[in-house]
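User: I'd like to talk through this model before I head back to the bench. Can you take my questions one at a time?

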Amino acid sequence: MNASRPLPQCRADGRRVGGVRLALSAVCGISDAESARIAEGQPFISLQDMWSWARPSLPLAQRLIQIGALDALRGAGNRRDLLLQAAELRRHARHRTTTDKQLPLDGELVSAEASGLPAMTGRETLGAELDVLSVDVSRHLLDHHHRLLVELDATDARHLQSLHAGQPVLVAGVRTATQTLPIPSGKRVIFVTLEDGSGMVDLAFFEHSHAACARTIFHSGLLLVRGTVERCGNRRTVVGQMVWDLEEVAAVRRDSGPEAALKLLDRTEPAPTPAPPRPAERTLSGGTAGARLHPWSDLQPAGSRSADLPRPAHRSPGSAG
């Protein structure tokens, strides 16, 4: 199988000319055999044609439909119509005897006409992309929060570089990297990188801010950070002072209005959270026996999985501190 064979109609950014195509292997749960059948059978003229030759499982067909990989086959309908067709084709396949590669050729088994169902919303599309591909394809995660970030007067990575040192700032983005390296003084600094669609924002949280910020940093995928600008050579970084889960701020705005979201940001103390585990339960074994994990680390005790993050959010690979 050629793993780099592109998935039809699946582009990394539909707003850009050309874009980037994703491989079939990027689809969650797809097998090598299914990838090979889809690649060998292209091009398909309808969903029934694909079903006959590629023989996908119903869950795989549904995933491909939800992320737009089969949009070329939907005709006058939408993705919900294709999902209905896939379920009907599965029903026919279960109740009829077929050859190795084809459904019975006695006419169309499903209708390609539009059913009148509403198209998937932008939020539903984005959620499907994150579930199936683990990456936002059609739009950036922060696009859904653009209005909120404008109301909060947040600064994006592109414009951060024009700010002067010492200037207060509010930034937001997807947490893409987290490190907690010790510094010569023996204290710890949490270094975070956010990605907001216009670039990367580097942040540093010094030890005095950890009680208020560390748990949210490690256990949230979308962050809203208040801090001050620092100049490092030609780059600007942000020293964080307070942090919020952006999804929670957005929920407050949705339920109670913009004023409630602004009031939430006036809070200088974090919401009550469970106490961190005892230090004795946060140690690494093996060659690094006795090394202590950061109390709010998103890793469970050594050897177990990283913390679960709510959708939509990228999952952190985990940071032991």
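Analyst: Sure, here are some questions and answers about this predicted model.

User: Which strand has the highest confidence, and which has the lowest?
Analyst: Across the chain, the mean pLDDT is 76, with 71% of residues at 70 or more. The lowest confidence falls in strand E1 (residues 6-11), with a mean of 39, while the highest, at 94, belongs to strand E5 (residues 200-205). Residues 270-290 have pLDDT below 50, with 29 contacts beyond near neighbours in sequence. So the names you're after come from the strand means: E5 at the top, and at the bottom E1.

User: How many helices and strands are there in the chain?
Analyst: Of the 321 residues in the chain, 41% count as buried. Among contacts between residues at least 6 apart in sequence, 54% join residues at least 24 apart. The secondary structure count is ten helices and seven strands.

User: Which residues have the most contacts inside the largest nonpolar core?
Analyst: In soluble globular proteins, nonpolar side chains tend to be buried together. Here the largest such core has 41 residues, and a second, separate core of 25 residues includes Leu22, Phe44, Ala54 and Leu89. Leucine 203 is in contact with Val171, Ile190 and Val238, among others, leaving aside its neighbours within four places in sequence. In the largest core, the residues with the most contacts are Leu203, Phe205, Leu224 and Val249.

User: Within what arc do the buried residues of H3 fall, seen down its axis?
Analyst: Helix H3 covers residues 58-66, and its buried residues are Leu60, Ala61, Leu64 and Ile65. An α-helix has 3.6 residues a turn, so residues three or four places apart point the same way. The buried residues of H3 line one face of the helix, because they fall within an arc of 135°.

User: Where is the proline that follows a cis peptide bond?
Analyst: The cis bond runs from glutamine 42 to proline 43, with omega near 0°. Proline 43 sits in the loop between helix H1 (32-41) and helix H2 (47-54).

User: Is aspartate 153 buried or exposed?
Analyst: Aspartate 153 isn't a glycine, yet its phi is positive, about 60°. This aspartate is found in the loop between helix H6 (146-151) and helix H7 (157-160). Its relative accessible area is 63%, and over 50% counts as exposed. Aspartate 153 is therefore exposed.

User: Are arginine 79 and aspartate 71 buried or exposed?
Analyst: These two form a salt bridge, with the closest N and O atoms 3.0 Å apart, and Asp71, Arg74 and Arg79 are linked in a network of salt bridges. Arginine 79 has 15% relative accessibility, and aspartate 71 has 17%. Buried means under 20%, so both fit that label. Arginine 79 counts as buried, and aspartate 71 is likewise buried.

User: How many residues apart in sequence are the parts tied together by arginine 235 and aspartate 202?
Analyst: The side chains of arginine 235 and aspartate 202 meet in a salt bridge at 3.0 Å, N to O. Arginine 235 is partly exposed at 40% relative accessible area, and aspartate 202 is partly exposed at 24%. Since arginine 235 lies in strand E7 (residues 235-245) and aspartate 202 in strand E5, the pair ties together parts whose separation in sequence is 33 residues.

Terms used: Residues numbered from 1 in each chain as written. Predicted model: local features only at pLDDT ≥ 70, side-chain atom pairs only at ≥ 80, totals over all residues. Heavy atoms only, no water. pLDDT = per-residue confidence, 0-100. Helix = DSSP H or I, 4+ residues; strand = E, 2+ residues; numbered from the N terminus. Contact = heavy atoms within 4.5 Å. Core = buried A, V, L, I, M, F, W, Y, C linked by side-chain atoms within 4.5 Å. Buried < 20%, exposed > 50% of the residue type's maximum accessible area, 1.4 Å probe, protein only. Arc of directions from axis to C-beta. Salt bridge = Lys/Arg side-chain N within 4 Å of Asp/Glu carboxyl O.
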